[in-house]
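Dear colleague,

Please find the structure below, with its sequence. A summary of what was found in it follows.

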Amino acid sequence: MDALSLAAWSFPALLLLIILRVPIGLSMLTLGLVGSWLVYGSVAPLLNQMKTLAYGTFSSHSLSIVPLFLLMGQFASLGGMSQALFKAGEALIGHRKGGVGMAAIGACAGFGSICGSSLATAATMGQVALPELRKVGYDGGLASGLLAAGGTLGILIPPSIVLVIYAILAEQNIAKLFAAAFVPGILAALGYMLVIGIVVRLYPQWGGRQIAPLPWSERIRAQRDVWPVVVIFVTVIGGIYTGIFTPTEGAAVGAVATGLLAWWKGGLNREKLLRAFEATASGTGMVFMIVLGAAAYNTFLALSQLPQELATWVGGLGLSPYAVLWAIIVFYLIFGCVMDSLSMILLTIPIFFPMVSGLDFGLPPEEMAIWFGILVLIVVEVGLITPPVGMNLFVIQSMAPDIPIRSTYRGVLPFVASDLLRVGLLVAFPSITLFVLRL
Amino acid sequence: MSNFIYGTSRFLAWFGALVLTLLAVMSVFSIAGRAFSFAGFGPVPGDFELVEAGTALAVFCFLPWCHLKRAHADVAMLWHAYPPAMRRLILVLVEALMLAVWCLLVWRMGVAMLEYRANGEVSFILQMPVWWGYAASFVPGALGCLVYAWRLIETIGLVKPREGFTAAEGAH
C-alpha cells in the first residue's frame with residue numbers, strides 16, 4: 001500500500017479505535033507510530049524519531065500556556081469571584097423577566113474573561129448559579145441548559161486554551177486571535193441572554209419568580225465587588241495584546257494574580273490548594289496526551305503528503321470557497337456531537353487549514369486565518385453542549401442529578417440554535433470578527 | 001504496592017503543579033525585571049529555556065495521575081451497548097497498549113538522554129546541558145511505566161482498584 005492510501009485508511013481505523021473507547025490521544029499516538037513505521041518501511045527511522053517525540057512535544061514554550069491557564073482557572077474558582085459576579089449581575093437585572101438566568105450568563109462571561117477553560121467555567125458557575133436559579137423556581141432543564149451554554153463562554157471569551165492550540169497549529173499570532181475572539185464572545189453572551197428572554201416569555205412557568213428590584217445604591221455596591229476580575233482581565237489580555245509580555249508570560253501573570261486573589265479571599269488553604277493542583281494535573285495530562293498523540297499522527301500524515309494532496313484536490317474541484325467552508329463547519333458540528341473539542345482541532349486543523357488557506361475569501365491571508373480560527377472555535381464549542389456527548393451538559397448534570405438528562409437536552413437546544421445563528425452571522429460578515437484588528 | 005503507586009502519582013501531581021507555579025512566579029519576576037531595566041534590573045536569564053524544561057517536567061509528572069484518575073478524553077457513546085465481556089477485553093487491551101507505547105517512548109527518551117550526555121550539547125543562554133532536562137523528565141516518565149503496569153494488573157482483576165478512581169473526570 002502506498003503512503004497516501006495508508007493515510008486515507010488511517011481515518012476509519014482511528015474512528016474505530018475511538019468508538020471502541022480507546023482514549024483519543026492514545027489512538028492517535030498508536031496509529032501515528034504504526035503509520036510512520038509503515039511509510040518508512042523500516043523501524044530504525046521511527047525509533048530515531050521517537051527519541052525526541054515526548055520530551056520535544058512537551059518542552060514547548062507556547063504550549064506551556066495551557067497548564068498555566070488551567071492553573072489560573074483553578075485559582076479563579078477558589079477566589080470567590082463566581083459568587084461576586086453572579087451577585088453583581090443579579091443585583092443589576094435580577095428583577096427583570098428571565099433576569100436571574102441572564103445574570104448567570106453575564107457571570108459566566110465575566111468568569112470566562114479570567115478563565116480559559118470551558119469545563120472549569122461550567123463547573124464553577126454551575127455550583128454558584130444552579131442552586132440560586134432553582135431557588136427562584138427556574139425549570140430544571142432551562143437552568144442546566146443555560147449554565148452548560150454559559151460555560152462555553154469560558155473558552156469563547158479570551159483567554160482561551162482552544163485558541164492557543166489553534167494558534168500553534170496554524171502558526172498565527174495568539175494576541176490577535178484573542179483580540180478577534182472578544183466581540184464574537186460578547187455576541188455569544190448577548191445571544192444567550194436573548195434566548196432566555198424569549199424562552200421565559202414563551203413558557204412563563206419556566207422562568208420562576210421575579211425577585212424584588214434593589215435600590216440603585218445596592219446595585220452599584222454589588223458591581224464594586226468584581227473589580228479584581230476586571231483588573232486581572234485587563235492586565236493579562238491587555239498586556240498580551242499590547243505586547244508588554246508574551247502570551248506565555250501573560251498566562252503566568254494570570255496564574256499568579258488569580259493565585260494571590262484566592263489567597264487574599266481566604267480560599268487557599270492547604271487542602272484546597274492541593275485539590276487545585278490535582279485538577280490542574282489531570283486537566284493538563286489530558287490535554288498533553290492528546291497533543292502528543294496528535295504530534296505523532298500529524299507527523300505520519302505529513303510523511304504521507306495527504307494534507308497537501310487533499311488541499312490540491314479540493315482546490316482543483318473549483319468549488320466556491322463558501323461551500324468548502326460550510327462543509328467544514330457542518331463536519332465539526334456533526335463530529336462535535338461525539339468528539340472532544342481539543343482532539344478535533346488537533347486532528348483536523350493540519351488538514352483543513354492548508355485546504356482553506358488555498359481558497360479566496362477576499363481577505364488577506366492573516367485575516368482569513370484569524371477569521372477561520374474564530375469560526376472553528378465556535379463550532380467546536382457547540383460540541384460541548386450538543387447531545388448526546390456534550391461535556392458541559394455532563395458537568396452540570398452531575399451537580400443536579402434530579403434533573404432528567406432529557407430536560408437538559410431540551411433546555412440547551414435554544415442555545416445551540418443561537419450558536420448556529422451566530423456562526424451564520426460571522427460567516428456572512430467577517431468584519432464582525434476582524435474589525436477589532438483593523439482599528 | 002497500591003499505596004506506593006497511588007501515593008507516588010499524587011505526589012508527582014503536586015510536585016508538577018509546584019514546578020508550574022514556580023515557573024509562573026519566575027515569569028512574573030522576569031517581566032518585572034524587564035520593566036525596571038532602567039534601574040539596572042533585567043529579565044531572569046534563560047527564562048525561556050527554564051519554562052521549556054520545566055513544562056516538560058511538569059507534564060511528565062502529571063500524566064500518571066491523569067491516567068489513574070481516568071481523565072483522558074475518550075468517547076463513551078456506544079460503550080453501554082457493548083457486551084460486558086467485550087468491555088472487559090477492551091479495557092485490558094487499552095491498558096496494555098498504553099503501557100507498551102509509554103515504555104517504548106520512555107526507552108527512546110532514555111537513549112536520547114545518553115546521546116545528549118555523550119555529545120555535550122548545551123542550551124543557548126544558560127549553557128545548561130540538554131541531557132539534564134531529559135534526565136529530570138525521565139524519572140517521572142519511568143515511574144509512569146510502573147503506574148501503567150499497575151493499572152493493567154488492576155484491570156486484569158488481580159488487585160482491586162481504589163475507590164474514587166473509577167469514574168472519569170477531565171478539564172479543558
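**Salt bridges between the chains**

At a relative accessibility of 7%, A:Glu278 counts as buried. The model is a predicted one, and this residue is a useful place to begin reading it. A:Glu278 forms a salt bridge with B:Arg10, in which the closest N and O atoms are 2.9 Å apart. The pair crosses between chains: B:Arg10 lies in helix H1 (residues 2-35) of chain B, and A:Glu278 in helix H16 of chain A. B:Arg10, for its part, is partly exposed, with a relative accessible area of 26%.

A second pair of this kind joins A:Lys51 to B:Glu115, with 2.8 Å between the closest N and O atoms. This salt bridge also crosses between chains, running from A:Lys51 in the loop between helix H3 (43-50) and H4 of chain A to B:Glu115 in helix H3 of chain B. A:Lys51 is buried, its relative accessible area being 11%. B:Glu115 counts as partly exposed, at 39% relative accessibility.

A:Arg21 forms a salt bridge with B:Asp74, and here the closest N and O atoms are 3.1 Å apart. The count between chain A and chain B is four salt bridges. In general, side chains of opposite charge can pair when their charged atoms come close.

**The interface as a whole**

In total, 64 residues of chain A are in contact with 59 residues of chain B. The two chains bury about 5,600 Å² between them, and 75% of this is on carbon and sulfur atoms. In chain A, the residues that lose the most area to chain B are A:Arg21, A:Lys51 and A:Tyr55, which together account for 16% of what that side buries. Two of these residues have appeared above: A:Arg21 as the partner of B:Asp74, and A:Lys51 as the partner of B:Glu115.

Ten residue pairs are found in polar contact across the interface of chain A and chain B, both residues being at pLDDT 80 or more. Helix H16 (residues 270-304) of chain A supplies the largest share of the side of chain A that touches chain B, namely 16 residues. The residues of that side divide into 42 nonpolar, 16 polar and six charged.

A:Ser59 offers a further view of the contact between the chains. This residue is found in the loop between helix H4 (53-58) and helix H5 (65-78) of chain A. A:Ser59 is buried, with a relative accessible area of 13%. Residues up to four places away in sequence not counted, A:Ser59 touches B:Glu52 and B:Ala56.

**Salt bridges over all chains**

A search of the whole structure finds 15 salt bridges over all chains. One of them, within chain B, links B:Arg151 and B:Glu154, whose closest N and O atoms are 2.9 Å apart. Because B:Arg151 and B:Glu154 are three residues apart in helix H4 (residues 130-156) of chain B, about one helical turn separates them. Both B:Arg151 and B:Glu154 are buried. Elsewhere, salt bridges that share partners join A:Lys87, A:Glu90, A:Glu132 and A:Lys135 into one network.

**Nonpolar cores**

The largest nonpolar core has 212 residues, and those with the most contacts inside it are A:Phe58, A:Leu146, A:Leu153, A:Phe372 and B:Trp102. Helix H12 (residues 174-202) of chain A contributes the largest share of this core, 16 residues. Apart from this core lies another, of seven residues, among them B:Val19, B:Met26, B:Val51 and B:Cys61.

A:Leu146 may be taken as an example from the largest core. Its neighbours within four places in sequence left aside, A:Leu146 is in contact with A:Gly101, A:Ala104, A:Ile105, A:Leu133, A:Tyr138, A:Ile196 and A:Phe415.

**A residue in helix H3 of chain B**

Finally, B:Asn119 is found in helix H3 (residues 84-119) of chain B. At 48% relative accessibility, B:Asn119 counts as partly exposed, since the exposed class begins over 50%. The side chain of B:Asn119 reaches the backbone nitrogen of B:Glu121 at 3.0 Å. B:Asn119 and B:Val130 are eleven residues apart in sequence, and their C-alpha atoms are 9.8 Å apart in space.

With kind regards

Technical notes. Residues are numbered from 1 along each chain as its sequence is written. Chains are lettered from A and ligands numbered from 1 in the order in which they are written. This is a predicted model: local features need pLDDT of at least 70, side-chain atom pairs count only at pLDDT 80 or more; totals for chains, interfaces and linings use all residues. Side-chain values use heavy atoms; hydrogens and water are left out. A nonpolar core is a set of buried Ala, Val, Leu, Ile, Met, Phe, Trp, Tyr and Cys residues joined through side-chain atoms within 4.5 Å. Buried means under 20% relative accessible area, exposed over 50%, partly exposed in between (1.4 Å probe, protein chains only). Helices (H or I, at least four residues) and strands (E, at least two) are DSSP runs, numbered from the N terminus. Contact means heavy atoms within 4.5 Å. Buried area is the accessible area (1.4 Å probe) that two parts lose on being put together, summed over both. A salt bridge is a side-chain nitrogen of Lys or Arg within 4 Å of a carboxyl oxygen of Asp or Glu. A polar contact is a pair of N or O atoms within 3.5 Å; within protein, one must be able to donate a hydrogen and the other to accept it, and residues adjacent in sequence count only if both atoms are side-chain atoms. Ala, Val, Leu, Ile, Met, Phe, Trp, Tyr, Cys and Pro count as nonpolar, Asp, Glu, Lys and Arg as charged, and the others, Gly among them, as polar.
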